[in-house]
Amino acid sequence: MARSLDGLVFVPVADQAPGQVGRQTRFAYHEQDGRIWAEYHGGDVVRGYLVGTRDADTIDFRYVQLRLDGTTASGHCTSVVTEPADGRLRLEETWTWESQEGKGTSVVELLPG
């Protein structure tokens with residue numbers, strides 16, 4: 001199992017469609033006893049939250065966000081925690097909007113620093 005995500009900040013490796021997360025979005029993760037939560041903001045997202053559980057290297061969570069245009073959106077995501085040879089953690093995500101049409105995949109990586 002990859003190390004804990006507690007206290008780590010992740011950034012997407014690529015921009016998504018408008019109104020979604022992008023390279024300017026920062027995710028601040030917390031983890032305790034198999035529970036995962038994070039706050040995120042940046043780019044088109046004014047404020048977002050995710051909450052879920054972790055079983056080994058799989059995270060299952062729901063997310064909700066407030067966008068710059070005043071709209072809100074929510075969905076479900078499953079992420080797999082990987083640790084490439086360079087030691088930087090990655091989350092490989094498969095997500096589905098629940099408040100609107102759409103689904104996809106994305107990758108976030110540990111913010112260098």
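Q: Which residues does Arg 54 touch, not counting residues up to four places away in sequence?
A: This is a predicted model. Arg 54 lies in strand S4, residues 45-55. Leaving out residues up to four places away in sequence, Arg 54 touches Met 1, Ala 2, Arg 3, Ser 4, Leu 5, Glu 31, Gly 34, Ile 36, Ile 59 and Val 81.

Q: Is Arg 54 buried or exposed?
A: The relative accessibility of Arg 54 is 8%. Buried means under 20%. Therefore Arg 54 counts as buried.

Q: Which backbone oxygen does the side chain of Arg 54 reach?
A: Arg 3 is among the residues that Arg 54 touches. The side chain of Arg 54 comes to 3.3 Å from a backbone oxygen. A polar contact needs N or O atoms within 3.5 Å. That oxygen belongs to Arg 3.

Q: Which side chains of strand S2 point to the buried face?
A: In a regular strand, side chains alternate between the two faces of the sheet. Strand S2, residues 26-32, shows such alternation. Arg 26, Ala 28, His 30 and Gln 32 point to one face and are not buried. Pointing to the other face, and buried, are Phe 27, Tyr 29 and Glu 31.

Q: Which residue in S2 stands opposite Phe 10?
A: Strand S1, residues 9-12, pairs with S2. The two run antiparallel, with 2 bridges. Opposite Phe 10 stands Phe 27.

Q: Which residue takes a positive phi in the hairpin of S2 and S3?
A: S2 and S3 run antiparallel, joined by 7 bridges. Gln 32 stands opposite Arg 35 in S3. The hairpin has 2 residues between its strands. The positive phi, near 50°, belongs to Asp 33.

Note on methods:
Residues numbered from 1 in each chain as written. Predicted model: local features only at pLDDT ≥ 70, side-chain atom pairs only at ≥ 80, totals over all residues. Heavy atoms only, no water. Helix = DSSP H or I, 4+ residues; strand = E, 2+ residues; numbered from the N terminus. Buried < 20%, exposed > 50% of the residue type's maximum accessible area, 1.4 Å probe, protein only. Polar contact = N/O pair within 3.5 Å; in protein donor to acceptor, adjacent residues only side chain to side chain. Contact = heavy atoms within 4.5 Å. Pairing = 2+ DSSP bridges.
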